[in-house]
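User: I would like to go through this structure with you. Could we begin with the terms?

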Amino acid sequence: MLEIIIFASGRGSNLMAIQEEIESGRLKGNIRAVISNKEDAPALSFAQSKGINAIWIDPKAEGGRRGFERKALQEIGRIGSDCIALAGYMLILSGEFIRDYGKPILNIHPALLPSFPGATAQKDAIEYGVKYSGCTVHFVDEGVDTGPIIAQRAVPVLDADDVESLSARILAEEHKLYPEVLTLMAQGRIHLIDHKVYIDLLDERNYFR
Ligand code: GRF
């Protein structure tokens with residue numbers, strides 16, 4: 001069983017997709033807790049509705065981002081976990097946090113990295129005029145959206161697209177890709193060697209829909 005901690009700041013649709021994969025039995029894992037920096041994050045209410053430990057940590061009350069991270073590490077240490085999955089978590093994790101946690105941290109980003117890192121990926125893709133964008137699941141390192149790429153899914157960018165329509169097309173793929181990657185992770189089939197990720201695929205059709 002893969003014990004997952006989710007960090008989320010908002011809507012929580014990726015969290016919901018991951019939880020659905022667990023409930024379907026495809027992903028042999030558990031969401032041990034959802035941790036948020038936002039008290040009113042819908043991700044927290046979703047967690048509560050599912051009986052998942054929902055933890056709000058107020059960065060202001062903890063003296064800022066590092067305080068938030070220290071508190072989060074305490075909670076995570078108490079709860080136990082195999083990995084952290086960032087799902088719409090809007091703060092950048094410090095190098096200290098990544099080192100102190102010492103286990104894999106994953107993120108999903110709404111662009112084909114290394115193109116369009118940062119918080120406005122869909123808008124940047126439209127403005128640049130790329131014909132394809134998509135989503136990337138990657139390991140988190142100290143940079144912003146720079147960690148080793150685990151898996152990607154492409155979608156077309158249409159002339160008529162605005163940020164909303166492109167985001168929706170990408171999000172539909174995110175909801176498949178993130179649970180699939182966590183499923184592979186639970187199966188021990190993701191290997192990181194020198195900043196490159198290799199995946200054992202016994203039968204690709206069973207794992208990538
Ligand atoms: C997603 O587009 C994800 O790629 C990005 O933030 C958004 C989170 O959406 N990192 P949600 O909170 O999972 O609905």
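Analyst: Helices (H or I, at least four residues) and strands (E, at least two) are DSSP runs, numbered from the N terminus. This is a predicted model, in which local features need pLDDT of at least 70, side-chain atom pairs count only at pLDDT 80 or more, and totals for chains, interfaces and linings use all residues. Residues are numbered from 1 along each chain as its sequence is written, and side-chain values use heavy atoms, with hydrogens and water left out.

User: Where does proline 114 lie?

Analyst: Proline 114 belongs to the loop between S5 and H5. A cis peptide bond, with omega about 10°, joins leucine 113 to this proline.

User: And what is phi of phenylalanine 116?

Analyst: Phi is near 55° there, a positive value in a residue other than glycine. Phenylalanine 116 is also in the loop between S5 and H5.

User: Changing topic, where does the ligand sit?

Analyst: The ligand occupies the largest pocket, where sitting in a pocket requires that more than half of the molecule's atoms lie within 2 Å of its grid points. On a 1 Å grid over the protein atoms alone, a pocket is an open set of points where a 1.4 Å probe fits, with protein on both sides within 12 Å along at least five of seven lines; lining residues have an atom within 4 Å of a point.

User: How much space lies in that largest pocket?

Analyst: The space amounts to about 830 Å³. The lining has 38 residues, and the closest to the centre are Gly88, Tyr89, Met90, Ile108 and Pro110.

User: Which element supplies the largest share of the lining?

Analyst: H6 does, with four residues. Helix H1 (13-24), strand S5 (105-109), helix H5 (121-128) and helix H6 (163-186) each provide at least two.

User: Which residues are around the ligand?

Analyst: They are Arg11, Gly12, Ser13, Asn14, Gly88, Ile108, His109, Pro110 and Glu174, each having a heavy atom within 4 Å of the ligand.

User: What lies 2.5 Å from an oxygen atom of the ligand?

Analyst: That is a polar side-chain atom of serine 13. For asparagine 14, a backbone N or O atom lies 2.9 Å from a ligand oxygen. In glutamate 174, a side-chain N or O atom is 2.8 Å from an oxygen atom of the ligand.

Methods:
Points joined across faces, edges and corners; volume = space filled by probe spheres on them. Polar contact = N/O pair within 3.5 Å; in protein donor to acceptor, adjacent residues only side chain to side chain.
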